[in-house]
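Here's a set of exercises to work through with the model open in your viewer. Try each task before you read its solution.

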Amino acid sequence: MKIARLIFNPLQENTYVVWDESLEAVVIDAGNMSERENATLEQFLSERGLKPVYALNTHGHFDHLMGVEFLRQRYGAKFAVSSKDKFLVENAAQSAELFGVRAGDMPEKIDVDLEGMQSISFGQSELQIISTPGHTPGHVAFYEPEAKLLFTGDTLFRESIGRTDLPGGDYSWIMKSILDKIMPLGDEVKVYPGHGETTDIGHESMYNPFVVEVMNQEVNYRN
């Protein structure tokens, strides 16, 4: 499995292209928003002969959605996200305007509902789907256990966590997701977040202040 990170839009969102020997690919959290960024993504795919079969989303915030319709129209990729974030998808354009961003065409429907799904396959690969609510109600992470790769979206960042003060966010949920579902995967698991640099679970267990304060029982995230 190969991974490339492309950084798009004013919020510096990480868009990941993931593919294998079959040359089928998924684009995780497609944030490309302009003709220039669309061309960058298209050139990347074309140069490698890749066919994106899914626009795969960790959650429904606008900065992770702005390239989805391009992938649907240009390649026939299916838009996959949890239906628990449908309200965010439906209001994505308005949300973008609140941040001073003109979003352009946004997806009007979900092609594949990830809610309740255990995994999703493309080419010769399979990604496990881990429910990680907190940043949004329907947030998920994508995990490849053999290579120990985890795409955390806006749940876990390098030495930080996602915001919980936006509609549908909840601090106790996000900490339960991180402590109960992400951290047990193991220190060696490499983390690809929705913003910022890559990290690994071992690093976060030692240097992420939000995680450390809970593990040291300085904060009770369950209440």
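**Exercise 1.** Work out how strand β8 (residues 125-131) is joined to strand β9 (residues 140-144), and in which sense they run.

*Solution.* Step one: look up the bridges, and you'll get four of them, with β8 and β9 running antiparallel. The model is a predicted one, where local features need pLDDT of at least 70, side-chain atom pairs count only at pLDDT 80 or more, and totals for chains, interfaces and linings use all residues. Residues are numbered from 1 along each chain as its sequence is written, and side-chain values use heavy atoms, with hydrogens and water left out. Strands here are DSSP runs of E, at least two residues, and helices are runs of H or I, at least four residues, both numbered from the N terminus. Two strands pair if DSSP finds at least two bridges between them. Step two: pick out a facing pair, such as serine 131, which sits opposite valine 140 in β9.

**Exercise 2.** Place that pair in its sheet, then follow the sheet to its edge strands.

*Solution.* Start with the order: β7-β8-β9-β10-β13-β14, six strands in an open sheet with mixed pairing. The ends come next: β7 (119-122) and β14 (199-200) are the edge strands, each pairing on one side only. As a reminder, strands of a sheet pair through backbone hydrogen bonds, either parallel or antiparallel. Now check both senses. β10 pairs with strand β13 (residues 190-193) in the parallel sense over four bridges, and there phenylalanine 151 stands opposite tyrosine 192. β13 and β14, on the other hand, run antiparallel and are joined by two bridges, with lysine 190 facing aspartate 200. Finish at the turn: the β13 and β14 hairpin has five residues between its strands, and glycine 196 in it takes a positive phi near 85°.

**Exercise 3.** Do the same for the sheet that contains β1 and β6.

*Solution.* This open sheet also has mixed pairing, and its six strands go β1-β2-β3-β4-β5-β6. Its edge strands are β1 and β6 (112-113), each paired on one side only. Moving inward, β2 and β3 run antiparallel over four bridges, and tryptophan 19 has alanine 25 in β3 as its bridge partner. The two strands make a hairpin with four residues between them, where leucine 23 has a positive phi of about 75°. On to β3 and β4: they pair in the parallel sense over five bridges, and glutamate 24 stands opposite lysine 51 in β4.

**Exercise 4.** Explain why β3 and α2 count as largely enclosed.

*Solution.* Count buried residues (under 20% relative accessible area with a 1.4 Å probe, protein chains only; exposed is over 50% and partly exposed is in between). In β3, four of the five residues are buried, so the strand is largely enclosed by the rest of the structure. For α2, the count is six of the eight residues, so the helix is largely enclosed too. The buried ones in α2 are Val68, Glu69, Phe70, Leu71, Arg72 and Tyr75. Their cover includes β3, α1, β4 (51-56) and β5, where contact means heavy atoms within 4.5 Å. Just past α2, glycine 76 takes a positive phi of about 75°.

**Exercise 5.** Find which residues have the most contacts inside the largest nonpolar core.

*Solution.* First, the criterion: a nonpolar core is a set of buried Ala, Val, Leu, Ile, Met, Phe, Trp, Tyr and Cys residues joined through side-chain atoms within 4.5 Å. The largest has 29 residues, and Val17, Leu41 and Leu71 have the most contacts inside it. Next, sort by element: β1 (2-8), β2 (13-19), β3 (24-28), α1 (35-48), α2 (68-75), β5 (78-81) and α4 each supply at least two residues, while α2 gives the largest share, four. Then zoom in on valine 17: leaving aside neighbours within four places in sequence, its contacts include Ile3, Leu6, Val26, Leu41 and Phe44. Don't miss the second, separate core of 19 residues, which includes Tyr16, Ile120, Leu149 and Phe151.

**Exercise 6.** Is threonine 155 buried or exposed?

*Solution.* Locate it in the loop between β10 (149-153) and β11 (156-157). Threonine 155 is buried, with a relative accessible area of 0%. Now list what it touches, not counting residues up to four places away in sequence: Thr132, His139, Ile161, Gly162, Ile174, Ile178 and Ile182.
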